[in-house]
Amino acid sequence: MKRSRINSIIVEADEMIRTHGFALPPFAYWSPDRFRANATRAQHVIETRCGWDITDYGAGRFDALGLVLFTLRNGLPGDLTAGRGMCYAEKLLIARRDQVSPMHTHVIKVEDIINRGGATLVVELYGSDDAGAFAGDRGGQVMCDGIVRDYDPGERLTLHPGESVTLRPGDWHAFWGDGGDVLIGEVSTVNDDAHDNVFRDPIGRFPAIEEDTAPLHLLVSDYANALP
């Protein structure tokens, strides 16, 4: 992805988030220089990779296969292992109309996916085989707004604003906006995007970036190289 496109996507995403009455934390608007100047005080933000995350899953087709994410708060895997401390995470996501987040599951993370506003969110579901791998002939069981329901392989849940689904490890899922863009909330156990995403197809989690202009704001994938 070109950095200029990423900058534009961030501006558009911020406008949509504001339209739905959400406000991002101050560090969402820090320039790279300000982030570097505050790196010591913002060590938790950096270590837990809070902030902007724009991905095309390495496919180079963001409009068809992509996602905008902003991690608002997150703990460390060690907190979850210890069973105390900051064992939770929260994100905002934007799925554009017909823009797919590809089929995947998580090994550790349990997540509530919530339609916070906009169009309808479609979530396609499959179960796992006995080894936890994708099983095209298996369904499973999820909770929708706290109510348990079974799902058939390939079933598509439709979540309208305010509705949610709880996904556990082994619930393979893909999602997209139907009829328009969707603002999504994610509340979960500690989030580890570098190690806890298992995709059905061989794709990447983070984009390759062509630096055709300076970054407006850093992505979480920039932190390792851009910050001390």
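Two strands are counted as paired if DSSP finds at least two bridges between them. The model shown in these views is predicted.

**View 1. Hairpin of strands β5 and β6.** β5 and β6 form a hairpin, and five residues lie between the two strands. The turn contains Gly132, whose phi is positive at about 90°. Two bridges pair β5 with β6 (residues 134–135) in the antiparallel sense. Across this pairing, Ser128 stands opposite Phe134 of β6.

**View 2. Strand β5 and its burial.** Strand β5 covers residues 111–128. Of its 18 residues, 15 are buried, so β5 is largely enclosed by the rest of the structure. The cut-off for buried is a relative accessible area under 20%. In a regular strand, side chains alternate between the two faces of the sheet.

**View 3. Pairing of strand β5 with β11.** β5 and β11 (residues 172–189) run antiparallel and are joined by 14 bridges. Glu111 of β5 stands opposite Ser188 in β11.

**View 4. Pairing of strand β5 with β9 and β10.** β9, which spans residues 155–159, runs antiparallel to β5 and is joined to it by five bridges. Within β9, Leu157 is the bridge partner of Val123. β10 (residues 164–167) also pairs with β5 in the antiparallel sense, over four bridges. Here Val165 of β10 is the bridge partner of Ile113.

**View 5. Salt bridge between Arg3 and Glu211.** The structure holds 17 salt bridges, and one of them joins Arg3 to Glu211. The closest N and O atoms of this pair are 2.8 Å apart. Arg3 belongs to helix α1 (residues 3–19), while Glu211 sits in the loop between β12 (198–199) and α5 (223–226). The two residues are 208 residues apart, and the pair links distant parts of the chain. Arg3 has a relative accessible area of 2% and is therefore buried.

**View 6. Salt bridge between Arg205 and Asp53.** In this pair the closest N and O atoms are 2.5 Å apart. Arg205 lies in the loop between β12 and α5 and Asp53 in strand β1 (residues 51–55), so the salt bridge ties together parts that are 152 residues apart in sequence. Arg205 is buried, with a relative accessible area of 11%. Asp53 also counts as buried, because its relative accessibility is 4%.

**View 7. Salt bridge between Arg200 and Asp201, and a salt-bridge network.** Arg200 forms a salt bridge with Asp201, and the closest N and O atoms are 3.7 Å apart. Arg200 is partly exposed, with a relative accessible area of 40%. Asp201, at 41% relative accessibility, also counts as partly exposed. Elsewhere, Arg5, Glu12, Asp63 and Arg96 are joined into one network by salt bridges that share partners.

**View 8. Surroundings of Thr71.** Thr71 lies in strand β2 (residues 67–74). With a relative accessibility of 3%, Thr71 counts as buried. Leaving aside residues up to four places away in sequence, Thr71 touches Phe27, Arg49, Cys50, Gly51, Glu90 and Lys91.

Technical notes
Residues numbered from 1 in each chain as written. Predicted model: local features only at pLDDT ≥ 70, side-chain atom pairs only at ≥ 80, totals over all residues. Heavy atoms only, no water. Buried < 20%, exposed > 50% of the residue type's maximum accessible area, 1.4 Å probe, protein only. Salt bridge = Lys/Arg side-chain N within 4 Å of Asp/Glu carboxyl O. Contact = heavy atoms within 4.5 Å.
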